[in-house]
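Thank you all for coming; I would like to walk you through one model this morning, strand by strand and then pocket by pocket. Please have the sequence and the structure open while I talk.

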Amino acid sequence: MSIKKRYIACVIGTALSSQAYAAGYQVSEHSAAGLGRAYAGDAAVADTAAVIARNPAAMTLFKKAEVSGVASVINPSVNIDDHTNNEKAKDIAPISFIPAAYYIQPLNDKVAVGLALFSNYGVTTDYPKDMKSGSLAGKTSLATINLNPNIAYRLNPHFSIGAGVSLVYGTAEFDRRLGSLSYSMPSSNLIDMKGTSWGWGLNIGALYELDQNNRFGLSYRSQVDLDFDGDFTDYLGPITGKPNNTVSANLSLPLPAIAEFSGFHQFDSQWAISYSLQWTQYNKFKEIKATSSQCNSGTCFLKKENYKNTYRWAVGTTYTMNDKWTLRYGFALDQNAGQATLSIPDTDRYWYSAGATYHFNPDLSVDMGLSYIHSKKASFKEETPTGDMNSFTSTGSAYLAAMQINYRF
């Protein structure tokens, strides 16, 4: 069972790869307006209803009901050089589509409620089926969706607070291949898994307004623990001479807590700046452990992880050109969450963003955002299930585009 457990550990470990194109397995794509300024100031700007995803207290800034719908697309280019096997895997992360929707309803001059539907975490990667390091790679898909009702209250002309509850649904599907272990069957599966989970958490926020043109936002979103129930199947028959085996098991995966501080300053009728510091509590992700009564000692596998808390710095500008057009620019540094591996080729990322809003009238607008993300090269070594040490290098970049429609009524 020891070799088999190590195989399964490699499978589940790759469920946390970096297709999300933020630190670790985080998703930042919440709005097109925010993308245009690299999400700088998102807990304080409150230019669209998408602010719910970052700070519920900012809902008190809305005088009319507003609804926003967002469509984001990520086109990554992540390449892996396997120096040990002299192979290259290109474009391991496919194009991904991320939708979101938001609604804010002011009840009076002090109370507002809102509902958000978005994602904070999710990944997708797909390595070539005949890759010799298939036991460390394969296909991975992890998706989450967060249904998040919120309420905000203005305590006085300067200070507002807000809170909400998150109901998170997650799905996971991934497989690994025999690779160089397959002998005469280079595309044979090694392990596959499908599972679903529900989890819940809390979020709180505060907004302090110095005056109409200067404000600060602070928010916190709690950790959500997903306990995936699913079927794990190994296909080790060609090696062990035993039948394939399917085991019902449970896998716990934390969606780490997030805190953000933002500032917004309107200098004149045209120019404004915004900035953010975001913290993600990745050090809570210490191990990957699957359990089942059908496994020896109740543990199907155990894999230790070495993650650390991360920070994301962002600064952006907003330029109101006229009553029809608003322009945005931004830059961000997204710190890596852990040591790079083939399953998690995580590294520091640099965001270069621009965007615009077209106002059809005071109540209807369309936001557009575009970012280019450059990732630092990462060289690393990783141990295969048979105990060999392989050497890899990862390089990558990505283009992000988003469009958003907003309507006030």
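Let me begin with a question: in β14, which residue is the bridge partner of leucine 251? The partner is alanine 290. Before I go further, a word on provenance: this is a predicted model, in which local features need pLDDT of at least 70 and side-chain atom pairs count only at pLDDT 80 or more, while totals for chains, interfaces and linings use all residues. Residues are numbered from 1 along each chain as its sequence is written, and side-chain values use heavy atoms, with hydrogens and water left out.

Back to the strands, by which I mean DSSP runs of E with at least two residues, just as helices are runs of H or I with at least four, numbered from the N terminus. Strand β11, residues 245–255, pairs with β14 in the antiparallel sense over two bridges, where pairing requires that DSSP finds at least two bridges between the strands. Along β14, which covers residues 287–291, the side chains alternate, with Ile288 and Ala290 pointing to one face and buried, whereas Glu287, Lys289 and Thr291 point to the other and are not buried. Here buried means under 20% relative accessible area, exposed means over 50%, and partly exposed is what lies in between, with a 1.4 Å probe and protein chains only.

Strand β3, residues 96–106, also alternates: Ser96, Ile98, Ala100, Tyr102, Ile104 and Pro106 point to one face and are buried, while Phe97, Pro99, Ala101, Tyr103 and Gln105 point to the other and are not. β3 runs antiparallel to β1, to which nine bridges join it, and serine 72 stands opposite isoleucine 98 of β3. β3 also pairs with β4, residues 111–118, in the antiparallel sense over six bridges, with tyrosine 103 opposite leucine 115 of β4, and a hairpin of four residues makes the connection between β3 and β4.

Tyrosine 103 brings me to the aromatic rings, since ring pairs link Tyr103, Tyr407 and Phe409 into a cluster. The rule is that rings of Phe, Tyr and Trp, the last by its six-membered ring, pair if their centres lie within 6.5 Å, with planes under 30 degrees apart counted as stacked, over 60 as edge-to-face and the rest as tilted. By this rule there are twelve aromatic pairs. In one of them, tyrosine 39 and tryptophan 351 have ring centres 6.0 Å apart and planes at 75°, so the pair is edge-to-face. Tyrosine 39 lies in the loop between α2 (32–36) and β1 (66–82), and tryptophan 351 in strand β18 (residues 349–361), so this pair ties together parts that are 312 residues apart in sequence. Both tyrosine 39 and tryptophan 351 are buried.

Another pair is made by tyrosine 169 and tryptophan 198, whose ring centres are 4.7 Å apart with planes at 50°, so this pair is tilted. Tyrosine 169 belongs to strand β7 (residues 159–177) and tryptophan 198 to strand β8 (residues 189–211), so the pair ties together parts 29 residues apart in sequence. Tyrosine 169 is partly exposed, at a relative accessible area of 28%, whereas tryptophan 198 is exposed, at 57%.

Tryptophan 351 has a further partner, in that arginine 312 lies over its face at 4.5 Å from the ring centre; the criterion is NZ of Lys or CZ of Arg within 6 Å of the ring centre and within 35 degrees of the ring normal.

Finally, the open and enclosed spaces. On a 1 Å grid over the protein atoms alone, a cavity is a set of points where a 1.4 Å probe fits but cannot get out, a pocket is an open set with protein on both sides within 12 Å along at least five of seven lines, and lining residues have an atom within 4 Å of a point. Grid points are joined across faces, edges and corners, and a volume is the space filled by probe spheres set on the points.

The largest pocket holds about 1100 Å³, and of its 35 lining residues the closest to its centre are Val45, Ala46, Asp47, Arg215 and Arg408. Among the elements that give two or more residues to this lining are β18 and β20 (389–408).

The whole structure has seven cavities of 30 Å³ or more, and the largest of them has a volume of about 140 Å³.
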